[in-house]
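Biologist: Please go through the empty space and the packing in this structure, and say what each term rests on.

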Amino acid sequence: MKTAQNRMKQNLSILLILATAFTASAQNKKGIKTNTKTAQAYTVGNKKVTVYATAENSDYRLSKTETLSFIENKQPFETEPCIFVDPTVKYQTLVGIGGALTDASAETFAKLSKKNQQELLTAYYSADKGIGYTIARTNIASCDFSSGSYTYVQDNDKDLKTFSVAHDETYKIPLIKQATTAAGGKLPLFVSPWSPPAWMKDNNSLIQGGHLLPAFRQSWANHYVKFIKTYEKMGIPIWGLSVQNEPMAKQKWESCVFTAEEERDFIKNFLGPTLQKEGLGAKKLIAWDHNRDQIFQRASTILNDKEAAKYVWGIGFHWYETWTGSGMQFGNVKQTHEAYPDKALIFTEGCKEKYDVNKLDDWTLGERYGYSMINDFNAGTAAWTDWNILLDEKGGPNHVGNFCFAPVHADTKNDKLIYTNAYYYMGHFSKFIRPGAKRIGSASSRDKLQTTAFLNADGKLAVVVMNQTDDKLKYSLWIKGQAATTTSLPHSITTLVVE
């Protein structure tokens, strides 16, 4: 009897082993990765941690402050604040971090001396001496951050025979070319329209929203192609384009309304096929390009339609949902990423509104950037683009008085550059997290310390830690049973580079 029972147990064990092996094999065939090999893929060894900090009430501005060593700490107690990082847990790949080269930025740039122009280009686009921006955006025809409204075609020119970007040759195109050179000859640029020409719209105006008239949908699709091909003939490669800047905003400046269904159908029936037909199908087409509040509704409407979705590279979003009294809605971004993981998420615009020259030193400027970038990246965002790289001492030029902050302002009367702390906060990401980096697992054991982390292609880890409180907080960076201890200053942001 016992012999029969033993045989039965042996047979059950064999079946269990075979079932486990079959399950693992099936998972691998489906592309589900196990952690067996991955868990051994990163070792701390003799690596050091270089700490770079920016802090209020100090001289630290992207300053190298200390070098740390790891010591063994297999399991921290609850009383030990930690930033836990696991480089074997990988998420999205970073496309780039940068800012917009608008008419306003270009016109302000032109008023600077050659010396300060070069200083600004180095500050933004040099990875060694600056913060190493790696992506850019510009406007198709005029936006609020232009000195005035303009278009590229004459009225009622449905065939676009009069198309010309001569307006852009004075300021904007020269800045784009200089920025590209400063970035090492490569600066992926995506382009966005604020409004079709007035005669293409039902309100016959560039401003106050309005809708694209059905009769001009093909002409408007052709307009994107004209713009892209014209810029590329002039030596400016176009990486991508968004369908419409802020398609649900009726503004006193250039604006045009597209409902989710209208944008879906325009992409599916006009813009997508036209780009394909004209050999521009590889350009990264970005839908939505508006706030986080409605990102999921817009994404689901467009991406649930296979014929529209096949043309869309990603979903763009802004941070201005706060105008309604809401906080920043990162949960909507995360849900969109989880629902459509094969589409990229790109933050396409953000700035602090209601410019006040007396608040250029306000520390919350940078903290808003840090807070947004950490949470957007943790929600699955692959690229992050600031708004104007440069504005003047009035927060413009802006032809409708919508003056705003930028990371850098120019005192054009005295030929000076003013770096706000937002410049340094962005630099804590863009300088140390490079295109191709993979976001990795990171978690803080204290809500006062916010964090995100990336593994660069060269093997360097970049861990960003932000402290928005008045408290000085001691904590350890913990990786694979090894810990390096440091202190977070009040109202600070640090990047810890492990190599």
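The exchange below covers cavities first, then cores.

Modeller: This is a predicted model, in which local features need pLDDT of at least 70 and side-chain atom pairs count only at pLDDT 80 or more, while totals for chains, interfaces and linings use all residues. Residues are numbered from 1 along each chain as its sequence is written, and side-chain values use heavy atoms, without hydrogens and water.

Biologist: What makes the space lined by Gly272, Leu275, Gln276, Leu280, Gly281, Lys283, Leu285 and Tyr311 a cavity?

Modeller: On a 1 Å grid over the protein atoms alone, a cavity is a set of points where a 1.4 Å probe fits but cannot get out, and lining residues have an atom within 4 Å of a point. The space you name is the largest cavity, and its volume, the space filled by probe spheres set on the points, is about 40 Å³.

Biologist: Why is the lining of the largest cavity counted as four nonpolar, three polar and one charged residues?

Modeller: Leu and Tyr count as nonpolar and Lys as charged, and the others, Gly among them, count as polar, so the lining divides as four, three and one.

Biologist: What makes the largest nonpolar core a core?

Modeller: A nonpolar core is a set of buried (under 20% relative accessible area, 1.4 Å probe, protein chains only) Ala, Val, Leu, Ile, Met, Phe, Trp, Tyr and Cys residues joined through side-chain atoms within 4.5 Å. The largest has 112 residues, and Tyr124 and Phe266 are among those with the most contacts inside it. A second, separate core of 22 residues includes Leu68 and Leu473.

Technical notes:
1 Å grid on protein atoms, 1.4 Å probe; cavity = no way out; pocket = protein on both sides within 12 Å on 5 of 7 lines; lining within 4 Å. Buried < 20%, exposed > 50% of the residue type's maximum accessible area, 1.4 Å probe, protein only.
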